[in-house]
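The following exercises concern helix packing and enclosed space in a protein model. Please consult the sequence and the structure while working through each solution.

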Amino acid sequence: MNPSNPPQAAEYGGDEVSAIVLDPGYSTTRAGFAGEDAPKSLIPTYYGKYNADGQEKLVFGDDVFVTPRPGLSIHNPIGKDGIVEDWDMAERVWEHSFTSRLTGTKAGNPFQNGLNDVSPDELPTEMEVESEEKPLSDSPLLMTEPGWNPAKAREKTIEIAMEKWDTPAFYLARSGVLAAFASGKASALVIDIGASNLSVTPIHDGMILKRGVQHSPLGGEYISSQIRAIFKANTPQPITITPHYLISSKSAVEAGQPAQAKYKTFPADKAPDASYRALLEERTLSEFKECVVQVWPGPTRLSAPSATGVSNEDMARTTPGRPFEFPDGYNQVFGVDRFRAVESLFDAKAAIPDPDSSFPPPTPAQTIPELVKASLAGVDVDLRPHLLANVVVTGGSSLLYGFTDRLNHELMQMFPGPRVRVTAPGNTSERRFGSWIGGSILASLGTFHQMWISKKEYEEHGPNIVEKRCK
Amino acid sequence: MPPFKDEHVLLIAPGSQMTLAQLGLPETFTPARFRFPTRMFPAEKKGEYEPYRVHERRQEVKVNNDTDAPKPDVEMKDAEPAAADGTTATETTVKTDENTQDNGDSTKTVEEVFYEEDPASDEGAIYPIENGRIVDWPCFFALLTHIHNTLSPPFHTPIMLIGQPVWSARDREAITQFVFEKFKAPAFSLMDSALAACYGYGTPTATVVDVGKGKVDVTAVTDFAVNEHGRGIALEGCGGDAMTDRLVELLGPKGFTREMCEQLKRSNITEILPPGTPLPGSSATARQGANPAAAASTGGSDGDESAPRGPGDGTQTGIEGDNGDEEEGVLDVAAIVSGNPTEYLANVEKEKTTTKKGAVDPKGARLPNSKKEKASFQFEEFVQLEGEKAAANGARQYIRHTRDIEVSVERFLLTSPRSKAGNRLTSGILEDIATQVHHTILAVPDATKRSELWDSLIIVGCGSKVKGFTQALLAVITQKFILSPSGTIFTSEIPSNFTTPLPTGANTPAPMGQPGPMYHPAAPGVNPLLVAATHNNPGMPGGMPGTPSMDPSMMSHHRSTGHSQTPTSVKTLKLPEYFPDFKDQGNSNAPGASSGGTPGAPGTSQGGHGMEEAVFLGAQMAAKVFFVIDQGLSKGYMSRVEYNESGPSAIHEYIL
């Protein structure tokens with residue numbers, strides 16, 4: 001099928017009600033209509049909180065990146081392990097993700113207002129007249145969850161969807177399974193590197209193999225902390241990141257020279273919270289990751305000697321550096337350091353020590369090769385070759401330059417026998433939204449209709465039904 | 001279905017302030033033929049709306065019994081040709097007094113109820129669109145119906161509506177349903193305003209900054225596909241109103257009304273100076289933005305004398321002692337026709353000659369505006385005609401007063417941060433917009449496109465009409481975001497003979513669908529012909545992103561990392577030359593454009609609409625392509641048949 005042609009409506013099983021697919025992550029929350037190829041709505045899971053006129057105000061969406069506000073502090077309802085911690089706020093953030101672009105705010109039904117009362121005979125279509133003001137009362141909802149989501153959290157999720165949002169049908173799917181679907185595979189070993197977590201999930205025939213699910217905190221934020229450690233130890237001077245909102249203008253300086261920028265100062269009672277600064281620093285760091293950071297391509301580790309006897313690190317030194325300019329105008333060329341930032345994902349010993357970091361030094365068991373090994377050890381021996389032939393890479397942090405090459409080398413070295421085949425979509429958004437796209441495919445399948453948990457079933461069995469139906 | 005014709009296409013582009021509409025595509029595309037203020041008035045019957053404010057007036061008139069028609073009706077007929085300002089009595093109720101009838105006398109008293117439309121009033125108006133959002137659906141639909149009725153298109157008319165970015169998917173479905181059910185349209189196309197701007201400029205890739213009344217939208221469009229992620233949608237407090245608000249804040253204490261500030265904003269003495277430009281009259285160190293309070297107070301100290309009195313005052317003396325007030329430009333033909341024309345005109349003429357004098361400060365006449373500490377603009381307002389002339393037939397009549405008002409350096413400060421900014425910490429709207437542009441472009445997944453996006457800024461929307469807006473915005477972006485050459489000198493973009501790798505980590509053996517601009521997966525509806533015509537990229541050779549990369553020799557020629565930082569430069573795009581009507585950037589001081597008094601009934605197209613309406617130009621181009629040239633091949637519109645089959649939600653497959 002040509003991807004440029006959207007599937008015809010008839011292929012959805014003639015269903016005109018499009019389900020909403022909600023893929024909540026640690027860093028971003030994705031939402032969109034099933035059957036589309038990318039989520040229409042992408043908002044940060046972070047939200048801002050500040051006081052104005054004696055009232056507490058909340059900021060959702062991209063606005064937190066754009067407008068600094070007095071005393072703004074940044075929070076995230078999802079914990080570092082990818083499990084929701086603050087349910088009230090998670091509900092608000094998720095609700096914003098689909099009301100902002102998809103369903104509209106609770107504006108009520110536009111068809112039951114004055115205009116159509118005037119001439120009802122002119123509008124022959126049947127409109128359900130609903131007095132409900134809940135945001136999802138006419139869309140089924142498919143949500144994703146990490147493979148290690150506890151039963152309590154799953155029940156809470158369906159409770160919110162059914163009772164707060166009033167969705168007529170609901171399903172909760174594992175993000176790993178969906179990422180495999182997005183790559184067109186029913187059995188796969190999914191390696192997902194997100195913002196807060198690195199996870200390995202074995203999937204067989206569309207079912208998650210729970211004993212093989214492995215995860216560690218070596219995600220995008222960990223890489224950021226490694227970059228910060230590099231900045232701290234930087235020569236000629238340690239680099240501090242000053243986000244754009246603190247700078248009123250900058251002027252060009254030579255590489256390595258101290259920045260000459262005009263800074264903005266805010267009075268102490270107005271200055272945004274440190275968490276706001278951290279969020280915006282993170283944004284500069286992600287630009288740094290895009291532009292500079294690179295994974296040592298292998299085949300051997302960065303610390304190992306290469307075939308010619310020269311150490312890989314010296315090899316890396318000979319490659320041309322990559323320049324980067326910080327918001328305050330400071331710029332520098334980064335040489336071998338840009339390889340070191342991610343090396344510890346593969347080699348725990350290569351981690352850059354930083355006593356101030358909130359991340360403890362990684363243990364060898366947290367690295368990707370060890371996670372894959374542990375994951376495979378948890379599944380049936382007969383399945384292992386099949387899984388290794390279907391390794392699916394997804395998640396935003398997997399976009400790091402050269403990541404898939406290195407992963408391929410590592411896996412081939414570790415499992416020399418069976419055929420290792422790494423599948424990674426080349427398209428950026430397919431990689432970032434892998435599990436959302438899988439959900440979009442799943443929810444638009446005609447055969448999926450029997451899988452939905454309907455509102456009636458929920459009312460009959462209670463939230464526990466999610467454990468029985470969404471395996 | 002018979003093919004659509006040029007002259008049958010109906011275009012509607014709703015905005016918070018003004019809704020542009022046009023029936024038919026002219027030979028060469030021109031600014032919109034019709035502009036409707038985006039507002040309706042509640043009619044007597046609940047749930048119905050009128051396009052104008054309707055007054056009810058009762059009047060007792062004595063008439064001769066033996067005349068067949070009551071006299072006021074004759075006057076009505078006189079007034080009707082003047083319908084340009086809509087003064088029309090719609091109904092006359094005649095109540096006959098029984099007692100006088102008995103006399104057999106020739107006179108009787110008649111009480112009449114006049115319903116008259118008052119085009120200049122916006123009292124009680126409902127604005128269905130606020131900051132791009134549709135806040136009042138019945139009113140919005142009534143406006144669409146009013147526009148549809150006014151233009152009265154033939155039956156076989158495809159409709160193209162320009163959608164605001166902020167409309168949600170459900171909103172779009174509701175509009176689709178309305179258009180098909182109510183207008184019985186054979187075909188409907190809902191096009192994103194940012195994409196329309198790109199069509200207008202004839203470019204597949206651009207960053208569109210749409211400065212509206214109360215909001216700003218910033219959209220990155222790549223290969224005719226709108227990037228929804230990171231898009232700046234309806235940034236509030238950044239539009240034209242924010243600038244007026246700032247002027248009101250600065251000048252309000254000096255007696256300026258909001259309407260004055262609005263006209264001052266539109267006048268050609270108001271200018272946004274690039275950051276760092278010293279204000280005239282103040283010391284060179286006082287910079288715009290950096291020290292607005294001080295600059296404002298400079299103006300305040302000498303501005304007291306020139307503080308205008310309330311509107312309608314008529315006379316106004318500037319500090320140089322010129323009697324700059326004039327009363328001219330008789331607006332209301334009805335005033336002449338139904339009043340005492342010769343006497344009236346003579347009066348006006350007399351006043352003019354006695355008061356008219358040189359109104360220009362001789363010293364500052366040669367200086368450019370940005371160097372003058374003071375300048376004056378012509379303030380126009382409508383004053384209701386009073387006295388017996390007006391009362392003669394009871395219809396409200398207005399006369400246009402013009403007078404000069406002098407302003408000091410405040411006129412350069414309209415984008416400086418408001419002192420009561422509330423909950424923002426940024427320094428002014430330009431910085432907000434610049435930050436949003438940076439955020440939006442950084443969110444574009446295809447990093448190789450970002451540099452091009454920075455170099456193709458499109459600034460549309462009437463808020464951007466203020467002199468110097470574009471230059472000042474570019475200057476703010478430059479000083480905040482442009483990378484210094486030393487940081488980028490090593491990273492000049494890859495030589496063009498190499499293919500462009502996709503941003504990061506793209507070198508995997510994954511099979512890809514056909515890449516390349518022609519088949520952008522996010523834009524199923526893009527017309528390949530248009531892409532091919534406007535696309536100057538060499539196009540990516542098939543399969544490039546999927547080339548096997550396990551081969552270490554790849555390292556030798558791909559760039560050491562994914563891409564380099566942006567922006568190294570920032571530029572605006574030029575509007576194509578071949579639409580001369582869009583060339584002139586209007587800076588009209590026409591009061592009609594302001595919220596207060598729109599005298600022109602729809603149909604009076606005011607001059608001076610230029611490139612800020614490129615969205616409408618794009619809409620015409622797109623309509624031409626989708627409806628007339630392609631006849632549906634490019635899936636640019638949804639036909640009635642498809643609507644009947646799939647319902648309103650199918651519009652998402654056609655949304656552009």
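**Exercise 1.** Determine how α3(B) and α4(B) are oriented to each other, and which residues make their contact.

*Solution.* The model is predicted. Step 1: the axes of α3 (residues 137-151) and α4 (residues 169-182), both of chain B, come within 12 Å and cross at roughly 40°. Step 2: roughly parallel applies to angles under 35 degrees, and the range from there up to 65 degrees counts as oblique; α3(B) and α4(B) are therefore oblique to each other. Step 3: their crossing is right-handed. Step 4: α3(B) contributes Trp137(B), Phe140(B), Phe141(B), Leu144(B) and Thr145(B) to the contact, while α4(B) contributes Asp171(B), Ala174(B), Ile175(B), Phe178(B) and Lys182(B). Step 5: sorted by class, these residues are 7 nonpolar, 1 polar and 2 charged.

**Exercise 2.** Describe the crossing of α6(B) with α7(B) and the composition of their contact.

*Solution.* Step 1: helix α6 (residues 240-251) and helix α7 (residues 258-266) of chain B have axes that come within 9 Å and cross at roughly 120°. Step 2: this angle makes α6(B) oblique to α7(B). Step 3: the crossing is right-handed. Step 4: the residues of α6(B) that meet α7(B) include Met243(B), Leu247(B), Val248(B) and Leu251(B), and their counterparts in α7(B) include Arg258(B), Cys261(B) and Leu264(B). Step 5: the contact divides into 6 nonpolar, 2 polar and 5 charged residues.

**Exercise 3.** Characterise the packing of α12(B) against α14(B), then identify what lines the second largest cavity.

*Solution.* Step 1: α12(B) and α14(B) pack at an angle of about 60°, and their axes are 9 Å apart. Step 2: α12(B) is thus oblique to α14(B), and the crossing is right-handed. Step 3: among the residues in contact are Leu430(B), Ile433(B), Thr435(B) and His438(B) of α12(B), and Phe469(B), Leu473(B) and Ile477(B) of α14(B). Step 4: this contact has 10 nonpolar, 2 polar and 2 charged residues.

Step 5 turns to the cavities. The model has 11 cavities of 30 Å³ or more, and the second largest has a volume of about 210 Å³. Its lining comprises 20 residues, with Phe65(A), His244(A), Leu280(A), Thr435(B) and His438(B) nearest its centre. Step 6: the elements giving two or more residues to this lining are α1 (63-66) and α7 (274-291) of chain A, together with α12 (429-442) and α14 (469-481) of chain B. Step 7: by class, the lining has 9 nonpolar, 6 polar and 5 charged residues.

Terms used:
Residues are numbered from 1 along each chain as its sequence is written. Chains are lettered from A and ligands numbered from 1 in the order in which they are written. This is a predicted model: local features need pLDDT of at least 70, side-chain atom pairs count only at pLDDT 80 or more; totals for chains, interfaces and linings use all residues. Side-chain values use heavy atoms; hydrogens and water are left out. On a 1 Å grid over the protein atoms alone, a cavity is a set of points where a 1.4 Å probe fits but cannot get out, and a pocket is an open set with protein on both sides within 12 Å along at least five of seven lines; lining residues have an atom within 4 Å of a point. Grid points are joined across faces, edges and corners, and a volume is the space filled by probe spheres set on the points. Helices (H or I, at least four residues) and strands (E, at least two) are DSSP runs, numbered from the N terminus. Ala, Val, Leu, Ile, Met, Phe, Trp, Tyr, Cys and Pro count as nonpolar, Asp, Glu, Lys and Arg as charged, and the others, Gly among them, as polar. Axes are lines fitted to C-alpha atoms, for helices over the stretch in contact, and angles run from 0 to 180 degrees between N-to-C directions. Angles under 35 degrees count as roughly parallel, over 145 as roughly antiparallel, 65 to 115 as roughly perpendicular and the rest as oblique. A crossing is left-handed if the near helix is turned anticlockwise from the far one by less than a right angle, and right-handed if clockwise. Contact means heavy atoms within 4.5 Å.
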